[in-house]
Amino acid sequence: MTPLLSPGFTAEHGLLSPDQLRLAEGVLARVEAEGLETIRVLFADQHGVLRGKTIVAGGLASAFRSGLAVTSTLLLKDTSHRTVFPVWGGDIGFGAGMMTGAGDIVMVPDPATFRVLPWSPTSGYVLCDLVQKDGTPIPFSARAILRKAVERLEAAGRRLVCGLEVEFYVFRLDDPKLAHADGGMPGTPPATSLLSQGYQYLTDARYDALEPVMDALRRACLALGLPVRSMEAEFGPSQCEFTFEPDGAMAHADAMMLFRMAAKQVCARMGLHATFMCRPKVENGMASGWHLHQSVVDAASGENLFMPGADGTLSADASGWIAGLLDHAAETCLLTTPTVNGYKRYQAFQLAPDRIQWGRDNKGAMIRGLMAPGDKASRIENRVAEPAANPYLYFASQILCGLDGLERGLAAPPPVESPYESDAALLPKSLIAAIERFEASGFYRETLGGDVVSYLTRIKRAEWDRYLMTVSEWEQREYFSLF
């Protein structure tokens, strides 16, 4: 028996199975064979931001065997990196002693996620799950939330297949803003300029201007094993889009974390700034979306359950799934569109949804139906999300809402043809409206748990409160001379 398989914290608490530990042994062999020097041991926090520690390569075996301690307050911060829970008391709201005192929790590396970083070839990467020091689960772990949702869907004999279609910006970095005065919470954003002009959607000339960046990102993605399908010059100036081949929910959530990491870090090493912010404050810019293609297949046979009948009528699964997504759309926006900025995308006639409805191959609707008789790729595309969303929470929401539609036997309403002129209910207009809908959601209190709902709403309210206390340029222009 090798030292790695000897009893340790992860094996004793059933956090890594014998098969996973054997896979970990293969990772250790690769680390040694390729001469890696450091390993980034990371997890996706509540915002979908990677956090963790970098260890020397020789410490990876211990991390697989015993986990790696990390400060619990990393799960308690808003997007300014401020801790927004009273950690110095005995109870932050979830039970005495739970995540108090800025104490430790434990990262458990998933060996299946191990990669060598192509832009840092002596560095490895491994993604972790989170547990408490006694090995019990942490209910706020985003990856665990998605895993539970996937298991619920599998118990119903189904699997979600999804395809990523992600828009983002890449700008030239003119000034990183690294003066001492720039180091706040958050820091001063960098000054940038364009790599290409925009509003020449899918023109080859614009792609050619972006090709050095596209090539660098494509090569990094392929080296990481990410299933890139296409690279596109999007509508806005310096706006890009990558699409990926279909895969399972967990695989693509992990892939999204890797892709955002790769895009930002590869670009930074090229003197560029990549951002997945939904609507950057730049002249002549437009919003970026995250369009999630999804279908449901039979878990045993792999049959696409969204393929319509010969007459084009929606299948029962497609109809129920669409109905579930629509029924819970407003209360789900906190998970699909979790930033103040994301709600500035919900505007009519901007290739983005502004109300809760579906249409057949209509890019103005929230849900775009792409289903035809005999088409094994029949699917829907949910266009509601922003690219800054936490992928685990986003995908979990789609599973939970769609499955609820199936279990309740819901039927999709008729598709719309004029999405910006319909009488459908509007999507929430602001983050606070989304917070209030999520907080009042009996559905999410049942499916995610009351503590998770309270946890997420407290964090997002902290962001909203800081936003309200900031005097905007609009207010200054509107009132400073008038009154």
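This passage walks through the cysteines, some backbone oddities, the aromatic rings and the charged pairs of a predicted model.

Start with the cysteines. A search through the whole structure turns up 0 disulfides. For C221, the closest cysteine sulfur belongs to C267 and sits 10 Å away, which is too far for a bond. The story for C401 runs along similar lines: its closest cysteine sulfur, in C333, is 10 Å off, so a bond is out of reach. To count as a disulfide, the two sulfurs would have to lie within 2.5 Å. C221 is buried, with 0% relative accessibility, and C401 is buried too, at 1%.

The backbone has a few spots worth a look. M185 and P186 are joined by a cis peptide bond, with omega at about 0°. P186 belongs to the loop that runs between β7 (158-175) and β8 (191-193). Then there are residues other than glycine with a positive phi. One of them is A102, where phi is near 55°. A102 falls in the loop between β3 (68-71) and β4 (104-109), and its relative accessible area of 25% makes A102 partly exposed. Another is L351, with phi near 60°. L351 sits in the loop between α8 (329-336) and β14 (358-360) and is partly exposed as well, at 48% relative accessibility.

Next come the rings. The whole structure contains 26 aromatic pairs. In one of them, F140 and Y455 have ring centres 4.1 Å apart and planes at 15°, so this pair is stacked. The two partners come from distant parts of the chain, 315 residues apart: F140 is in the loop between β6 (123-131) and α4 (142-155), while Y455 is in helix α12 (residues 450-468). F140 is buried at 3% relative accessibility, and Y455 is buried at 1%. A pair with another geometry is F306 with W321, which is edge-to-face, with 6.3 Å from centre to centre and 65° between the planes. Because F306 lies in the loop between β13 (290-298) and α7 (316-327) and W321 lies in helix α7, this pair ties together parts that are 15 residues apart in sequence. Both F306 and W321 are buried. Rings also gather in a group: F168, F242, F244, F259 and F276 are linked into a cluster by ring pairs. A charged residue joins in elsewhere, with R458 lying over the face of F85, 5.0 Å from the ring centre.

That leads on to the charges. Side chains of opposite charge can pair when their charged atoms come close. The structure holds 23 salt bridges. Among them is the one between K281 and E473, whose closest N and O atoms are 3.4 Å apart. K281 is in the loop between β12 (272-275) and β13, and E473 is in helix α13 (residues 473-479), so the bridge ties together parts that are 192 residues apart in sequence. Both K281 and E473 are exposed. D361 and R368 make another salt bridge, at 2.7 Å between the closest N and O atoms, and R368 is buried, with a relative accessible area of 12%. E439 and R461 meet at 2.6 Å, N to O. Since E439 lies in helix α10 (residues 431-439) and R461 in helix α12, their bridge connects parts 22 residues apart in sequence. E439 is partly exposed at 28% relative accessibility, and R461 is partly exposed with a relative accessible area of 28%. Finally, D110, D129, R143, R147 and D254 are joined into one network by salt bridges that share partners.

Technical notes
Residues numbered from 1 in each chain as written. Predicted model: local features only at pLDDT ≥ 70, side-chain atom pairs only at ≥ 80, totals over all residues. Heavy atoms only, no water. Buried < 20%, exposed > 50% of the residue type's maximum accessible area, 1.4 Å probe, protein only. Helix = DSSP H or I, 4+ residues; strand = E, 2+ residues; numbered from the N terminus. Phe/Tyr/Trp six-rings, centres within 6.5 Å; stacked < 30°, edge-to-face > 60°. Lys NZ or Arg CZ within 6 Å of the ring centre and 35° of its normal. Salt bridge = Lys/Arg side-chain N within 4 Å of Asp/Glu carboxyl O.
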